Amino acid sequence: MGSDAPLLTVEELSVVFHGRGSDEVRAVDGVSFTLEEGRVTGLVGESGCGKSVTSLALMGLLPDRGVRVGGSAVMRLPEGPVNLLGLSARRMRDLRGSRLAMIFQDPLSSLNPVVPIGRQVTEILRRHRGMRGSAAEREAADLLYRVGIPDPRRRLREYPHQLSGGMRQRALIAMAVACRPRVMIADEPTTALDVTIQAQILELLKDLVTEEGTALLMITHDLGVVAGLCDDINVLYAGRAVERAPRAPLFAEPTHPYTVGLLGSIPRLDAPRGEPLTPIRGSVNDNIAWSQGCAFAPRCDHYTLECLQGPPVLAPVGAAAGVEGAAARTAATGRAAAADGGHVHRCVNPLRAGGASDRTAPEGPAAVGEDEEERG
Amino acid sequence: MLRFLVRRLLQLIPTLGGLSILLFVWLQRLPGGPEYALLPDDATAEQRAQLRRSLGLDQPITVQYLAFLRRILQGDLGTSLNTGRPVTEEFFTRFPATFELAVTAMLIAVTVGVPLGYLAARKRGSVLDFAAVGGSLLGICTPVFFLAFLLKVVFAERLGLFPSAFRLSPGMSRTDLSGFVVLDGLRTGEFDVVRDALLHLALPGLALASIPLAVIVRMTRASVLEVVGEDYVRTANAKGLHPGTVRTRHVMRNAMLPVVTAIGLLTGSLFAGAVLTESVFAFPGVGSFVYAATQGRDYPVLTGFILLIATMYVLINLLVDISYSLLDPRVRAQ
């Protein structure tokens, strides 16, 4: 692996939708993360937290009108770094599919129903690798074979409706990897598939990352996928990262009540029979604006008055947390936090390490007290 | 594909059979039979009854129907009461003119309507979009005979840009191979005939095109709006394909599916719509002949015309189904 600088550095990415006559919606509100060669970075959160919008913004696939994108996303290319968000439509088209590829959620609706699979694979080879005729067809068959589609020659002539769900997703992956992209974004690639196929697809993605050194951005709400695949994890809530950590600390010592809640709402096979799941109460609709305080506070079992004093900042775990003040926010973003083993959170009243198991235990108030003291 | 074709052709039999029954019953129920049309108003009841007998109208209804069916299958649609010539023959000599007119109208409607609908969708909310949507509403609302008349008065009589009547200018000589003026002209190299024929087709073609054009603009617009939001269009863009490729292969190939169905149905209705247009422009096709037939209660001609139109509809529908199965692999599979 050449340089150790990140392949893609996203800083303070924001996406605001401003439809005609309707209020502005901040779907993504200052998200920062990096993608590195051969590593899988996860964006985790429930529906509506801004995961997919983030990926579409990076791909330049958001609509032209009614959307404002801010921040930067600098990609390291052989010819020098470029900010994806500032590229012309033409330059972006050249990068899309060749350096930067995406795998979508629903493989059936993501494939054109009236065009043979082969054509849908060869068109990208034709566009970016200049391949024509039988050479393109041979390569397409090769690609399908590599992603585990048996009898690829025959499949090339078939249409999406003739393939099974898993095959379709494999075909989409074949298209995504056709030009050996450096950065790949997978937006819930397994959501529409049944469990056994999910595992196969994840295995395939993992192999592609290790073999090709691709940087993969994995967007999911499935913590099982995260545990099995992601090296670094960003937990998103209401358009902002609320916790970021490498996989091990995140699962071992989650500190943000939202992360803890997500982990607590996974059904476990080894849980005692009859034990109820502990879902996070309410829905994303119950949010308050970040400018007023922690957006998660209305759904949080641990919130204190201090949570409503202003926007909390992203700070290293263990360090003094607080609400947004002078330069606190920028100082605490990604790079600064790397020194602390990369575990950061955005919470004024975090759960202690290991708090996952006793989330509902009456330790909450005690934790509040400790935090207050630390700060004082 | 062959099996599909054979099955669809077999399905035509019950369709057309049912149609013949409907048509026959409808004719039976019509007030004022041929004895009123053929005989002077002061004819006696005895004279009318005698005519009914001679036409076989006193036979049991099933016998009449079978006789009716047999004649149709033999290509005998009876004799025109107005001209005294066989209806089939009258249609045969006039059909090429109507066919050319209908094709002209459809070509105008498709070549203008599809791109306009696409542009209106892509520039949604723009002046062009409003103009296209508003204009098509106007097109649907305006009666064809009124539009035909308006075009004739303005462009033919006032401005003198186009001829106001007939298929060819008087005195234009041509070699008649098939009755299709434009085709014959192209084959024999008589390009002055082609030019003259096209000028004569322009105004009636435009008038006849108004409704199909309006429908095609709206259908294309709605369909494109739906398709551009589809996931596979996003996939195509994510591949970095050129906008032209995305437009033709991914957007239009899908967006045209419902439009093709509409085009089929509209083509059928063109032959019916030709009745009014042709009569305004004195265009010597089936339409103006039928228009005259309605004036004179020429039942054999009317029956034949309905049968002709219905058959056209059914055949065009067959063509639509075939083209649909070529365009959409999901239909082929069934």
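Colleague: At what angle do helix α1 (residues 2-29) of chain B and helix α4 (residues 61-73) of chain B pack, and how far apart are their axes?

Modeller: Two packed helices are described by the angle between their axes and by the distance between those axes. In this predicted model, α1(B) and α4(B) pack at an angle of about 125°, and their axes are 11 Å apart. The two helices α1(B) and α4(B) are therefore oblique to each other, and their crossing is right-handed.

Colleague: Which residues make the contact between these two helices?

Modeller: An α-helix has 3.6 residues a turn, so residues three or four places apart point the same way. Here α1(B) contributes Ser20(B), Phe24(B) and Gln28(B), while α4(B) contributes Ile61(B), Tyr65(B), Phe68(B), Leu69(B) and Ile72(B). Sorted by class, the contact of α1(B) with α4(B) has 6 nonpolar and 2 polar residues, with no charged ones.

Colleague: What does the secondary structure of chain B come to, and how should I place this pair within it?

Modeller: Chain B has 14 helices and 0 strands, and the C-alpha trace of chain B spans about 85 × 55 × 40 Å along its principal axes. Of the 334 residues in chain B, 33% are buried. Among contacts in chain B with a separation of 6 or more, residues 24 or more positions apart account for 71%.

Colleague: Is Glu46(B) buried or exposed, and in which helix is its place?

Modeller: Burial is read here from a count of neighbours, and a residue with 12 or fewer other C-beta atoms within 10 Å is taken as exposed. Glu46(B), whose place is in helix α3 (residues 45-54) of chain B, has 8 other C-beta atoms within 10 Å and is therefore exposed. As a guide to distance within the chain, the C-alpha atoms of Glu46(B) and Glu100(B) are separated by 47 Å, the two residues being 54 residues apart along the chain.

Colleague: Turning to chain A, how many helices and strands does it have?

Modeller: Chain A has 13 helices and 12 strands, and 46% of its 376 residues count as buried. Where contacts in chain A join residues at least 6 apart in sequence, 65% of them are between residues at least 24 apart.

Colleague: How many residues of helix α6 (residues 165-177) of chain A are buried, and what span should this helix have?

Modeller: The span can be checked from the rise along the helix: at 1.5 Å a residue, the 13 residues of α6(A) should span 18 Å, and the end C-alpha atoms are 19 Å apart, which agrees. As for burial, 12 of the 13 residues of α6(A) are buried, so this helix is largely enclosed by the rest of the structure. The buried residues include Arg168(A), Gln169(A) and Arg170(A), as well as Leu172(A), Ile173(A) and Met175(A). The elements that the buried residues of α6(A) pack against are β6 (100-103), α3, α4 (133-146), β7 (183-187) and α7 (195-212) of chain A.

Colleague: How many residues does each chain give to the contact between chains A and B?

Modeller: An interface can be read by its residue counts, then its elements, then its chemical classes. Chain A gives 25 residues and chain B gives 19 residues. On the side of chain A that touches chain B, the elements giving two or more residues are α2 (89-95) and α3 (117-129) of chain A, and the largest share, 4 residues, comes from α3(A). By class, that side of chain A divides into 12 nonpolar, 7 polar and 6 charged residues.

Note on methods
Residues numbered from 1 in each chain as written. Chains lettered and ligands numbered in written order. Predicted model: local features only at pLDDT ≥ 70, side-chain atom pairs only at ≥ 80, totals over all residues. Contact = placed C-beta atoms within 7 Å. Nonpolar A, V, L, I, M, F, W, Y, C, P; charged D, E, K, R; others polar. Buried ≥ 20, exposed ≤ 12 C-beta atoms within 10 Å, placed from the backbone. Axes fitted to C-alpha atoms, helices over the stretch in contact; angles between N-to-C directions. Parallel < 35°, antiparallel > 145°, perpendicular 65-115°, else oblique. Left-handed = near helix turned anticlockwise from the far one by under 90°. Expected span 1.5 Å × (residues − 1).
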